[in-house]
Amino acid sequence: MEKTLILLKPDCVQKNLIGRVIARFEEAGFIIRACKMIQLTDDVLREHYAHIAEFPFYPDVETFMKETPVVALVLEADGIIDKMREMLGVTDCLEAAEGTIRAEWGSKEEGKNKMCNIAHASDSAETAEVEVKRFFSEDELFSY
Ligand code: ADP
């Protein structure tokens, strides 16, 4: 079984979509191993988004990601990394395939369509391992 780290971003929180997005995960058969609401800080964001930190749009991402608390989850299922990335759709909500979470609920507004895209999901098993540890301690992960 594979794990992935999810962050339900401030646009998801502001649009009151937390429940509907989590319902999609449950309907897909993904098991919730951990779940909590947290306020992100500049330090954790610079670590989490190190791969985009040099891009000119990064300061806007940092501001956006601190607008409200986010909901962090660890989900588990066979092949969940690929299944989740498919369920989310590509980064740009205007280009995300029909039926994906980002196409359905992400921002279609010019300038926001690539940033306000509802959720983060780990992009590989290696990244997931690091990201799960970034946001959760061992005793916050549950097997049941
Ligand atoms: P993804 O979240 O789809 O894996 P990336 O890891 O490339 O995408 O980027 C991390 C996050 O940074 C994106 O989800 C999005 O919120 C933001 N982002 C990426 N590219 C842009 C861009 N060109 N303009 C604004 N925000 C962006």
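**Note on the ligand site and the cysteines**

1. A polar side-chain atom of Thr91 sits 2.6 Å from a ligand oxygen atom. Keep in mind that this is a predicted model.

2. Two further polar pairs involve the ligand. Arg102 places a polar side-chain atom 3.0 Å from an oxygen atom of the ligand. At Met115 the partner is in the backbone: a polar atom there is 2.8 Å from a ligand oxygen atom. On its own, the ligand has 530 Å² of accessible area, and the protein covers 82% of this.

3. Which residues surround the ligand? The shell consists of Lys9, Tyr49, His51, Ile52, Phe57, Val61, Arg85, Thr91, Arg102, Lys114, Met115 and Asn117. Thr91, Arg102 and Met115 from the points above are thus among them.

4. How does that shell divide by class? It has 5 nonpolar residues, 3 polar ones and 4 charged ones. Thr91 falls in the polar class, Arg102 in the charged class and Met115 in the nonpolar class.

5. Where does the ligand sit with respect to the pockets? The space it takes is the largest pocket.

6. Now the cysteines. The disulfide count is 0. Why is Cys12 not bonded to Cys35? A disulfide needs two cysteine sulfur atoms within 2.5 Å. The closest cysteine sulfur to that of Cys12 is in Cys35, 11 Å away, so the distance is too far for a bond. Seen from Cys35, the closest cysteine sulfur is in Cys12, again at 11 Å and too far.

7. Is Cys12 buried or exposed? Cys12 counts as buried, because its relative accessibility is 0%; the cut-off for buried is under 20%. Cys35 has 46% relative accessibility, so it counts as partly exposed. That value stays below the exposed class, which begins over 50%.

Notes:
Residues are numbered from 1 along each chain as its sequence is written. This is a predicted model: local features need pLDDT of at least 70, side-chain atom pairs count only at pLDDT 80 or more; totals for chains, interfaces and linings use all residues. Side-chain values use heavy atoms; hydrogens and water are left out. A residue is near a molecule or strand if one of its heavy atoms lies within 4 Å of it. A polar contact is a pair of N or O atoms within 3.5 Å; within protein, one must be able to donate a hydrogen and the other to accept it, and residues adjacent in sequence count only if both atoms are side-chain atoms. Accessible areas come from the Shrake-Rupley method with a 1.4 Å probe; for residues, only the protein chains shown count as cover. On a 1 Å grid over the protein atoms alone, a cavity is a set of points where a 1.4 Å probe fits but cannot get out, and a pocket is an open set with protein on both sides within 12 Å along at least five of seven lines; lining residues have an atom within 4 Å of a point. A molecule sits in a cavity or pocket if more than half of its atoms lie within 2 Å of its grid points. Buried means under 20% relative accessible area, exposed over 50%, partly exposed in between (1.4 Å probe, protein chains only).
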